[in-house]
Protein chains: 2
Amino acid sequence: MGRSSCEVVAVGTELLLGQIVDTNSSWIGEQLALAGVDSYYQTKVGDNPDRIKKVLRQALGRSDFVIVCGGLGPTQDDLTRDMIAEVMGVDLVADEGLVERISAIFGGRNRPMPSNNLRQAQVPLGAEILSVMPGTAPGLKAVIEGKTLYAVPGVPWEMKQMVSEDILPDIRMKAGISSIIRSKTIRTWGESESGLAERLADEIERLDREGEATIAFLASGIEGLKVRLTAKGDSDSEVASILNSEAEIVASILGDEIIFSYEDQTMEEVILELCRDRNLTLGVAESLTGGLIGSRITSVPGSSDVFKGSIVAYSGDAKQSVLGVPDIPSVSQEAVEAMVSGACQALHADVALAVTGEAGPSPNEVEVGRVWMATSVGGVVQSHSVKWPFDRERIRQFTTITVLNTLRLRLIKET
Amino acid sequence: MGRSSCEVVAVGTELLLGQIVDTNSSWIGEQLALAGVDSYYQTKVGDNPDRIKKVLRQALGRSDFVIVCGGLGPTQDDLTRDMIAEVMGVDLVADEGLVERISAIFGGRNRPMPSNNLRQAQVPLGAEILSVMPGTAPGLKAVIEGKTLYAVPGVPWEMKQMVSEDILPDIRMKAGISSIIRSKTIRTWGESESGLAERLADEIERLDREGEATIAFLASGIEGLKVRLTAKGDSDSEVASILNSEAEIVASILGDEIIFSYEDQTMEEVILELCRDRNLTLGVAESLTGGLIGSRITSVPGSSDVFKGSIVAYSGDAKQSVLGVPDIPSVSQEAVEAMVSGACQALHADVALAVTGEAGPSPNEVEVGRVWMATSVGGVVQSHSVKWPFDRERIRQFTTITVLNTLRLRLIKET
């Protein structure tokens, strides 16, 4: 049997009008790739009976499996059920089990059930109901002229559960796919994408020849520059072993200065862990980032045992009164060093970082993009300056991850 | 002539694999709708010659206009040019003007031009080059059996400029569309989506009958709950007049307690404007939001004339030492009121806001979702409490917009 292919059809006029970006198809596409299933087409079609039928017939004609997403809700606009029945040439019949299940869900919520909801209990004669049903919309499965068509609701969490737990295992079984594909993401900071590509060029070339894994790069702003390793094998343990050996090779080439996580952790998670392991508390003084550094750190659950707080000193007198910064130009080495010491003192923190700079759009004391950063570890203050060629938002984001990375390297080396 | 339709074809294997979400097609779909052009299908296809040709032929068969997006770059994977030539049944020829233009762009950057880039100067015989060319990839336009096909690069800013300035005016002219469609977004906070729908039900029903505009709702988290008015007319002034009258009707129904912007401004922009008009400076004390409030405010360019700073006091001793909060439970009315007064003092701010609460995932002193908020205007402190039924990130976001809205209402009423 040759490779099997599956295509995705997304139903909904709102998708064509751009009111909703179709992230469902992208997610399904990624899952199909990881499941080892080829995918050649994805189609969006509006809530129109004839066009839905045409698209379904075409998809069944050229692919072995079709996943239809959306149009399974209770309203008159939800046409997917009806169109599948027409393509199959059968009637819709009420499924008694479904009627009971849907009624029970509404009963459990103590709400009267709108009669429309019973539309969701209609099933094309001969189609099956997917066993996974997280919401009130059942998923469907129908075999049509030897091809298999699956229908899932457009609500992302319902769709994802059905695809992961029911549809993908079914496709893999029918298509006789036993191999699995997994990825491992290594996060880096401090080297450009082309710089990483250059340093890994020989290894990428070797992999192209020998083929046990692939390497891809993904620039992700404040999340760092990701190196994604992908490998295929017959079992979880086999793939894990390939990915781990490959990660070791990449690590030996790039080194731990650049790699901050092998487990797809954020820089903030890494910093919190390093501080927690060393029993150190952390304080921040921010000017141009305006609270972004504190906000990122505190988005990590459980940060409060390490993180004392951040002094967002956006004005000169706040810098003076709260941080004890003398009356000097606010974007300067002297200012940022006074800020980091002030943060340690005011927040009773063991280690601290501080940033000040000009994010634009127009220059004030200094040129747009000029940033000073400082860290204090063991009472020793260090500072450095960068001139970013970016817009306001990226200046703030790149400053955040850069100063956190500076602190990370000092924590590893000095504590 | 009946209504003309245009469909979008996005080319790129990375789209099928879910490595990139196809936001280009969504954006083009939205622009087509605003231009009054119907759109019935959108297709994604990988970098495969036969499948690209099939999809192009089908699109030309069923729509009057086709916009192909992606696959116009300089590499061997970029097949769109070649496949258009094959569908047209013509050869690719080097366009001398393009060769010069592309060479000049690289000359201006003082970089040697990779010879691959000259692939981009190849044009199917009989096709035109779009006059708008913001990058190094030219857009193409070809008339094929009475239908018009446009090809644009997948780089969003290049694509958008070509579609807006060249393709849409061309489609509108060819299709004889003179009417225009515009939207106006009113932002609200303090009422649920179903609450808004209920209050506007009569007006929505009237519009359904009389049809001069439509109303749609869009829940946008920390950006507020948006009410989008859309209208069609023959000129900018006609549509503006319809939208403005409709906005007045919506305003008279919802009122300014709920509506915070008629111009699609963020809550932060509104607060900064209110303070600036009144010559007031603003200070913040944050606990559970961890810097998010300061970060949002300072993401607005020019915020530094109003915003003094934020004290992110994530630990009890930081609350005490910087804000002068006594040694009391940190999620309490007394604590939040001491925080807001402390922020005014420490930051020398005229008005201030403060938040403290439990964002979870597990409860500490109080239940997860319990939040206290306070504002200080003219030295008068007010506070209130909310229990959110959300996850950590939404608790932080909803707290941010809610406390800013409380301050907005006080600034309007009391100053």
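Which helix of chain A lies across S9, S10, strand S11 (225-233) and S12 of chain A? In this predicted model, where local features need pLDDT of at least 70, side-chain atom pairs count only at pLDDT 80 or more, and totals for chains, interfaces and linings use all residues, the answer is helix H9 (residues 236-254), which runs at about 145° to S11(A). Residues are numbered from 1 along each chain as its sequence is written, while chains are lettered from A and ligands numbered from 1 in the order in which they are written. Helices (H or I, at least four residues) and strands (E, at least two) are DSSP runs numbered from the N terminus, and axes are lines fitted to C-alpha atoms, for helices over the stretch in contact, with angles from 0 to 180 degrees between N-to-C directions.

The strands beneath this helix form an open sheet of four in the order S10-S11-S9-S12 (chain A), with antiparallel pairing, where two strands pair if DSSP finds at least two bridges between them. Strand S10 (213-219) and strand S12 (259-261) of chain A stand at the edges with a single partner strand each, so one side of each is left without a neighbour in the sheet. From one strand to the next the twist averages 35°. Strand S9 (residues 180-188) of chain A pairs with S12(A) over two bridges in the antiparallel sense, and Thr188(A) has Ile259(A) in S12(A) as its bridge partner.

Turning to the two chains together, a rotation of 180° with 0.1 Å of shift along its axis superposes chain B on chain A with an RMSD of 0.1 Å, the fit being by least squares on the C-alpha atoms of residues with pLDDT of at least 70 in both. The two copies are thus related as by a two-fold rotation axis. The same surface serves both copies, in that 100% of the contact residues of chain B recur in chain A; residues are in contact if their C-beta atoms, placed from the backbone, lie within 7 Å.

In this interface, 50 residues of chain B are in contact with 50 residues of chain A. On the side of chain B that touches chain A, the largest share, seven residues, comes from S14(B). Strand S14 (residues 307-313) of chain A pairs with S14(B) in the antiparallel sense over five bridges, and Ser310(A) stands opposite Val312(B) in S14(B).

Terms used. Two residues are in contact if their C-beta atoms, placed from the backbone, lie within 7 Å.
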